[in-house]
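Grab a coffee and have a go at a few exercises on the fold shown here. Try each one by eye before you read the solution.

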Amino acid sequence: MGKIIAIANQKGGVGKTTTTVNLAASLGVLEKKVLLIDADPQANATSGLGINVDEIQIGTYQLMEHTKTAGETIIKTSSPNVDLIPAHIDLVAIEIELVDKDQREYMMKKAIGDLRALYDYILIDCAPSLGLLTLNALTAADSVIIPIQCEYFALEGLGKLLNTIKSVQRIHNPELDIEGMLLTMYDSRLRLSNQVVEEVKKHFSDMVFDTIIQRNVRLGEAPSYGESIIKYDASSKGASNYLNMANELLKKNREKV
């Protein structure tokens with residue numbers, strides 16, 4: 001049975017999509033079968049895997065509307081062992097359309113339940129908000145990874161996200177676990193980066209991944225070529241960081257079994 005992990009933080013620009021795409025690619029290289037669900041109307045995970053967003057006819061929108069089965073929305077990517085349910089800007093409308101529906105928080109959970117048997121990991125790239133899309137992802141997920149940038153205001157809004165997670169645990173998904181907090185955009189030369197690392201580890205200790213994602217030019221360049229960092233430059237620091245993170249995730253989950 002595959003594990004469903006949401007990558008969430010309502011703060012924008014913290015490395016959610018970068019993490020989802022490159023963690024998926026890294027797990028794929030480590031011979032795990034991975035499905036990435038793009039649940040962000042900006043569709044950056046979709047374009048980041050080399051898919052032309054303008055050509056998307058079927059994806060997360062139809063999945064959430066239940067007008068297509070999950071199997072009909074899946075497409076192959078050029079990353080080994082990585083499939084994708086793509087997004088399109090039309091996903092913006094889903095929050096409005098779901099408002100009046102019964103069980104609106106469970107639309108994604110119902111749609112992807114049968115996919116567990118087909119994949120080792122299902123990763124959901126969440127939108128930078130705590131709206132219905134993110135709520136659906138958290139309700140469907142077994143756990144959540146929270147990327148935190150090593151910059152000023154890093155902890156801003158984190159309390160709100162943790163309260164949302166507690167609320168989801170209480171009302172919709174008692175099994176939801178925090179997989180871990182991932183420190184991103186780390187620059188060892190900056191005193192501020194080191195202070196943020198210390199602060200996060202002091203407050204959340206065991207919940208923080210040992211792996212830290214360093215600021216890396218190649219990591220920033222890869223999406224413009226529609227490639228993961230593994231495909232774009234496997235020898236880069238960014239590729240090494242995400243492979244380490246994937247190994248840490250696998251080790252953590254082996255220990256839990």
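The exercises below go from the whole sheet to one helix and then to a single serine, and the model they use is a predicted one.

**Exercise 1. Work out the strand order of the sheet, and say which strands stand at the edges.**

Solution. Start by walking across the sheet from one side to the other. You should pass eight strands in the order β3-β4-β2-β5-β1-β6-β7-β8, and the sheet is open, with mixed pairing. Next, look at the two ends: β3 (75–76) and β8 each have a single partner strand, so one side of each has no neighbour in the sheet. For a check in the middle, take β1 (residues 3–7) and β5 (residues 121–126), which run parallel and are joined by five bridges. In that pair, K3 sits opposite Y121 of β5.

**Exercise 2. Follow the chain through β6, α8 and β7, then on through α9 to β8, and give the handedness of each unit.**

Solution. Take the pairings one at a time. β6 and β7 are parallel and share seven bridges, with I145 partnered by G180 in β7. Adding the helix, β6, α8 and β7 form a right-handed β-α-β unit.

Now move one strand along. β7 and β8 (residues 208–214) also run parallel, through three bridges. Two pairs help you line them up: M181 is opposite V208, and L183 is opposite I212. With α9 included, β7, α9 and β8 give a right-handed β-α-β unit.

How covered are these two strands? In β7, eight of the 10 residues are buried, so the strand is largely enclosed by the rest of the structure. β8 is mostly covered, with five of its seven residues buried.

**Exercise 3. Sort the residues of α8 into a buried side and an exposed face, and find what the buried side packs against.**

Solution. First get the helix itself: α8 covers residues 158–171, which is 14 residues, and it spans 20 Å from first C-alpha to last, close to the 20 Å expected. Then pick out the buried positions, counting a residue as buried when its relative accessible area is under 20%. That gives L158, L161, L162, T164, I165 and V168. These cover an arc of only 155 degrees around the axis, which puts them on the same side of α8. The spacing is no surprise: residues three or four places apart point the same way, because an α-helix has 3.6 residues a turn.

Turn to the face pointing away from that side, and you find the exposed residues K160, N163, K166, R170 and I171. Last, list the packing partners of the buried residues: α7 (132–140), β6 (143–149), β7 (177–186) and α9 (191–204).

**Exercise 4. Is S193 buried or exposed, and which residues does S193 contact beyond its sequence neighbours?**

Solution. Locate S193 first; it belongs to helix α9. Its relative accessible area is 1%, so S193 counts as buried. Then set aside the neighbours within four places in sequence, and the contacts of S193 are C150, M185, Y186 and D187. Finally, zoom in on D187: the S193 side chain reaches its backbone nitrogen at 3.2 Å.

Notes. Residues numbered from 1 in each chain as written. Predicted model: local features only at pLDDT ≥ 70, side-chain atom pairs only at ≥ 80, totals over all residues. Heavy atoms only, no water. Helix = DSSP H or I, 4+ residues; strand = E, 2+ residues; numbered from the N terminus. Expected span 1.5 Å × (residues − 1). Buried < 20%, exposed > 50% of the residue type's maximum accessible area, 1.4 Å probe, protein only. Arc of directions from axis to C-beta. Contact = heavy atoms within 4.5 Å. Pairing = 2+ DSSP bridges. Right-handed = clockwise from strand over helix to strand, strands pointing away. Polar contact = N/O pair within 3.5 Å; in protein donor to acceptor, adjacent residues only side chain to side chain.
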